[in-house]
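Me: Hi! I'm new to this one and would love a friendly walk through it. Could you take a look with me?

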Amino acid sequence: MESETILEAVNLRKQFGALVAVEDVSLKVRKNSLHAIIGPNGAGKTTFFNLLSGNIEPTSGQVIFKGRDITHQPVHRTIHFGIGRSFQITNIFPNLTVFENIRLAAQALGADNFKFWQPASAFKKYESRTWEVIEKVGLKDRALTPAKTLPHGDQRKLELGMILAPDPEVLLLDEPTAGMASEQVPELIALIQEIQKAGNKTVMLVEHNMNVVMSVSDAITVMHQGKVLAEGTPAEITANKEVQTAYLGGLYELNV
Amino acid sequence: MDYILDVQSIHTFIGQYHILQGVDVQVPRGSITALLGRNGAGKTTTLKSILGLTPPREGKVTFDGRELNGMRSFDIAALGIGFVPEHRAIFRDLSVEENLKIAERRKGDLDRKREMIFSLFPDLKRLIGLPGTSLSGGQQQMLAIARALVPDNRLLLIDEPSEGLAPVIIEHMMDAIRQLSKESTVVLVEQNFLVASQLAETYVIIEEGRSVTSGKMSDLKQDKATIHRYLGAA
Amino acid sequence: MTQFLRKNLILILTLAAFLAVFIAAGQGMERKDFVITLLRGLSVGSLTFLVASGFSLIFGLLDVLNLAHGTLFMIGAYLGWTVYVRPDTFVDVLTPLALLIGGFTLSALWTKLSALLPASARTNKIFPWALLLVAALLAFTVITRYPISSWDTENFSQAPGSYSLMLDQGAPLAPPAVSFDKINPALALLGLLLASSLGAFGLSLFGQQTQSPKLTVKEFIPFGLLALIGFGAFAANDALTAFLTGLSNNWLFLIALLVATLSGIGLGALMESTLIRPLYSRPIYQLMLTLGMSAIGIEVVRAIWGRPEFVMPKPDIFSGSGQGCPATTLAAWWDKNCSIVLLFEGRVRVYNEIFIPLVGILVLIAVWILLQRTRLGMVIRAGVQDREMVEALGINVRRVFTLVFALGVGLAALGGILAAPSMGLSNAMGESLLLNALIALAIGGLTSYPGAALGSLLVGLLQQFMIKYGQIGIAIPFTEIIFKPTPPIVPASTVLLMVIILLLMPNGLLGKKE
Amino acid sequence: MNSLAAIFRQNRASLLTLLGLVLLPFIAGMFEGASPAAVWVNAAGTSKFIQGLAIEIFILALYALSFDLIFGITGLLSFGHSMFFSVGAYLTGILLKSFGLNLWQTIGVVFLAAIAQAVLFGIVLPRVKGITFALVTLGMASVFHILVMSRELGDYTGADVGLQGVIVPDFISPANERLRFYFVALAVMVLAYLLYQRFVASPTGRVCVAIRENEGRARMLGYNTFSFKFAALLLSSITAAFAGTLHCLYQPIVSPNTASMGFTVTALLIVLLGGVGTLNGALVGALVYRLLDFGLRRYIGESASFINGAIYVAFVLFIPYGIVGTWMLKSFEIKKGWERLVGMVKK
């Protein structure tokens, strides 16, 4: 069954000087799917994400979210439309506590940001949402520790918690497992899957690791050299010879 | 065995982060050794720790019989270690020639090596007068490697040489690395397992800031389980 | 080509606008006024450039905003003045100064020695401080008794200003004689050497001794040189004074230029290696530190030279008058050394409006060559972009840092002594010039060397045109009104220009995008 | 009842300090043998002198608080802060003296002017970042300094001599009603401090801290960071302007130095002395700064600023967290101000 498209890239292109980082990429993400983007280092995955989330402006092309053109919206607006984004390199408020990090995320879309005469703790709805999220990502014991003292794996969970807190419809996750110990990876992937299924969310995932995504994705886009090399279900991608070689380094005939 | 570089259980911190938590690397003289592992595993930090750019807090690094701990990074480099960083770090305000010349440790280094460099990278001859910025990604990578060749380095640390390059260029670069490994030892960080497996003779796999396994590349190629477990791909 | 045009559209438009404005500005005044204003702008621009270029080199490579730069400019002026007006004081100071610095150049020896100390935690904490204290006390004891022929800021007839004035009148005052009557000369010399050695040793104990450097003869060369200067100046004190006093003041001026620049270089090297270096990872604290240094510098100048402003007479080569002056040709000027030449019928002061811009342009070219043609310049340009990579190539970046800081301060000090005969000396001269330089850099681009030149030129020209129009007034087109910019508008106009340009191009005209 | 006791217990140190400050004039009087009644009627003596010194400290503390809000809390380095203060000071003097407004009207106008100058800074805020923002604000403040110093406006501002002869309403005259002035200044400072504590704890203040920590991330969370930085600027501007108003009422002369860059540096120094990003630090810093300055000038004289400079250099090198910061170093929170400063200029 073909469900509706929630996020769409139309001929997105980004040039840095002479370098074309993303070359006319078109892509449709269906609602409530888990859509993975894979590809070797330097394939333009992160740049493509940055274009979708508005972190950088495209040289040409459009980003359409629920039928609305959001290409030139400033980055702080995209979350208000319902797009949350995490980063490959952990991007948190290092000196604030885990609780504070997530509370700031939970409060962002509310209407109380300028009530400066009341302490933040007076706004119970954000507090309860924060605890909810903290519990979901499994950081309850760590809630009051400063974010920068967390081990790397927990920082990745915090990062996830920060984009979950405002309850966005689409989650853009840029290598959520980057740098995690291999035994922690399945746990986090399971968490992402659970969030996606239980919350009826659309998840876009940039991953380096093919195996991680094969089992969980509904659709996979393979990027290489800034272009879309292939698109399809995990089965189709696995079968695709071109993808295999490209992903394994772009060398045509290698005898391992 | 004769190891030119011996890294013994180093621990490196960047700010509060405990990045390396015990990395051992032994590099046989005259070989190509690959550091393998996932994104963020600590491969680049290992290279930087060897060079003293992020000095290890514990452990020992020995280069050619000399202990490097506590030495300043430029003194370490001056012992004969060349570095090709991940993003090439070509100097924008310098011409291609100046980018090479700045690597001279003694006067005339470049003139002595010029022929050798041009035979490895014929493209550079044509580009020599251009500013460093006007090069394409592949050309920048060539220049970065060439720069490490200018002085007489006994050890080259090359970080992700294939990243972002087109297949044809990767093959060309692999040839070049093979060529120069005849003159000095090479330590290679490489995400792309196929490139690494073709170039290197020995390997070290780094995972979560620890070196988990190492050995001969020919053995690793047979060991699908290890490849699968630590490298994911293939 | 078209791409280049498109990329630099705003820059080209801005420069075109400037050109148009200056041409338009020329229409409103007589040609001689235009020429003079242009030259004056160039002069102010040159002085600004000397401060701005050093500032921007330091900021570019070291990421240090040296807010003490203006103060160092001022110190250059005062030091140069001392050599020029009071060579006797200069000679007297040489010995103690050289000996006091001497010990600090032996850092390799001290590091070596400190490695011999037993590694006990408690004594190692107190020991360096104790050494420093003893060194300071010793230095204080000797210096206060050491005979230095100086001036008396409290006593009008012997104030710096009076010495200047009388020299200008051609009847230099004879300073009161001083001699070793409070301290034995041998003891004094020994005490100074000991004080600096103890101090340097104490300081070296604060650092971590990870490895001991090799002791080579090379490490002792600076010390040898300083000792030579110190003892030489002591032995030949009177002869040297007599020689300097007997020199024509043109030569003396040249020596003053050299001494000021060299002292600036030395001061810069000292500042970088002792105070700035521990703070590389703490930018805001560097800012605070240089601000504190600036306050200290001004106080030192006030304590030594006093608060009142005074002038520095121009060297004879620029101060001729009488018959045949103002000169109309170069030959005539050379013959009479006129202070004023006629150019397009305008009376142009040779020192202010020709000599200063000339030096400015020379320095511009010299530093440009240094940056573009030498290995040091190559390292600097590379280091501005990527310090870590330069280090990874095996280049001692720390030493380059010290060199650049020293060079930057040297340029500022040169600017100071150059400005002294035209601006006069005052405690506030540094601050106003630093503000000018900051504005110039913000306009031109903070870390761009050509930007520093362009910005300084624009600031200088704008100021001088504003001043000129303040005198003659601007006829506003199609009206009878003649608008006269008032003096406060002059600095305000440059600030306004800066704000406008930064709003248009946040990185300045020639600055690079981050 | 219980909660009141709890509040008292939690804030014992602050409350005791406040009590001490309330009683200070009388205690100071007792040392000299002056009875509280004498102090009450503003008899000349040590108490009156100490009150004066304390008023100056309160005003400085207000000013430093306002700087800490934008620099220490929000992470904006402004070199134009002296303008925030001196606009308040000059406007108060000019309105009272040349335009004959009464005090309340004057305060109203100062309030509007404070908003206007925050808007002025806000205009450049989105365009320039980091050190460039510092330079632009420095530029704007120096224009103001130049205007104040200019002879053309000398009739109003007193040019380089300073603004003199402001007739202060009798009920708050620093000469005859100093004790009242003391309590007014104390009250304003305490209220501002409480307001700031509240602000920093509020949703708005938390976002300001987040901006200091990682502005890019704050934007990604959906905050239009400009509005928050502007809010901090606005509050800071209003506070500094009121500090200026008090300064004008208290001092016989408003010196153009209060508009110079040196006065911005004073704020920076106070905050550094006390501890960046700790509101308490601004208060403690102001106290130490003023007493140090006073003591040095009194006992050492002219070369006081030499020693001042040396003390700051020593602070920078050896006590980078400041007094309050070092005091609280054990707690983790305090390090944040310090950590943030690392690399700030590069932003």
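Reply: Happy to! Let's start with a pair in chain A: A:Lys157 and A:Asp154 are both buried. Keep in mind that this is a predicted model.

Me: What do A:Lys157 and A:Asp154 form with each other?

Reply: They form a salt bridge, and their closest N and O atoms are 3.8 Å apart.

Me: Where do those two sit along the chain?

Reply: Both belong to helix H5 of chain A, which covers residues 152-164. They are 3 residues apart there, so about one helical turn separates them.

Me: And why would two side chains like that pair up at all?

Reply: Side chains of opposite charge can pair when their charged atoms come close.

Me: How many salt bridges turn up in the whole structure?

Reply: The search finds 42 over all chains.

Me: Show me one in chain B. What does B:Lys101 pair with?

Reply: B:Lys101 forms a salt bridge with B:Glu104, with 3.8 Å between the closest N and O atoms.

Me: Is B:Glu104 buried or exposed?

Reply: B:Glu104 is buried, since its relative accessible area is 8%. Its partner B:Lys101 has a relative accessible area of 32%, so B:Lys101 counts as partly exposed.

Me: Which residue does B:Arg112 meet in a salt bridge?

Reply: That would be B:Asp152, at 3.7 Å from N to O. This pair links distant parts of the chain, as the two residues are 40 residues apart. B:Arg112 is in helix H4 (residues 109-120) of chain B, while B:Asp152 is in the loop between helix H6 (137-149) and strand S7 (155-159).

Me: How accessible are B:Arg112 and B:Asp152?

Reply: B:Arg112 is partly exposed, with a relative accessible area of 47%. B:Asp152 is also partly exposed, at 40% relative accessibility. Salt bridges that share partners join B:Arg112 and B:Asp152 into one network with B:Arg106, B:Asp109 and B:Lys113.

Me: Let's zoom out a bit. What domains does chain B have?

Reply: The domain assignment gives domain 1, made of 3-80 + 154-231, and domain 2, made of 91-152. The C-alpha centres of these domains of chain B lie 23 Å apart.

Me: How many residues are in contact between domain 1 and domain 2 of chain B?

Reply: On the domain 1 side of chain B there are 16 residues, in contact with 13 residues of domain 2. About 1100 Å² is buried between the two domains of chain B, and carbon and sulfur atoms give 76% of that area.

Me: Which three residues of domain 1 supply more of that area than any other three?

Reply: B:Leu156, B:His172 and B:Leu180 do, with 31% of the area that domain 1 of chain B buries against domain 2.

Me: What about salt bridges and polar contacts there?

Reply: The count is 0 salt bridges between the two domains of chain B. The rule does find 1 residue pair in polar contact across their interface, with both residues at pLDDT 80 or more. Helices H2 (73-78) and H7 (167-180) of chain B each supply at least two residues of the domain 1 side. H7(B) gives the most to that side, with 7 residues.

Me: New topic: which two chains have the most contacts?

Reply: Among the 4 pairs of chains that touch, chains C and D have the most contacts. Here 41 residues of chain D are in contact with 39 residues of chain C. The area buried between chain D and chain C is about 3500 Å², with carbon and sulfur atoms giving 81% of it.

Me: Which residues of chain D lose the most area to chain C?

Reply: D:Arg127, D:Leu135 and D:Val316, which together make up 16% of what the chain D side buries.

Me: How many salt bridges are there between chain D and chain C?

Reply: The count is 0. Polar contacts come out at 0 residue pairs too, taking pairs with both residues at pLDDT 80 or more.

Me: Which helix of chain D gives the most to that side?

Reply: H7(D) does, with 10 residues. By class, the side of chain D that touches chain C has 29 nonpolar, 8 polar and 4 charged residues.

Terms used
Residues are numbered from 1 along each chain as its sequence is written. Chains are lettered from A and ligands numbered from 1 in the order in which they are written. This is a predicted model: local features need pLDDT of at least 70, side-chain atom pairs count only at pLDDT 80 or more; totals for chains, interfaces and linings use all residues. Side-chain values use heavy atoms; hydrogens and water are left out. Domain bounds come from an automatic or database domain assignment. Contact means heavy atoms within 4.5 Å. Buried area is the accessible area (1.4 Å probe) that two parts lose on being put together, summed over both. A salt bridge is a side-chain nitrogen of Lys or Arg within 4 Å of a carboxyl oxygen of Asp or Glu. A polar contact is a pair of N or O atoms within 3.5 Å; within protein, one must be able to donate a hydrogen and the other to accept it, and residues adjacent in sequence count only if both atoms are side-chain atoms. Helices (H or I, at least four residues) and strands (E, at least two) are DSSP runs, numbered from the N terminus. Buried means under 20% relative accessible area, exposed over 50%, partly exposed in between (1.4 Å probe, protein chains only). Ala, Val, Leu, Ile, Met, Phe, Trp, Tyr, Cys and Pro count as nonpolar, Asp, Glu, Lys and Arg as charged, and the others, Gly among them, as polar.
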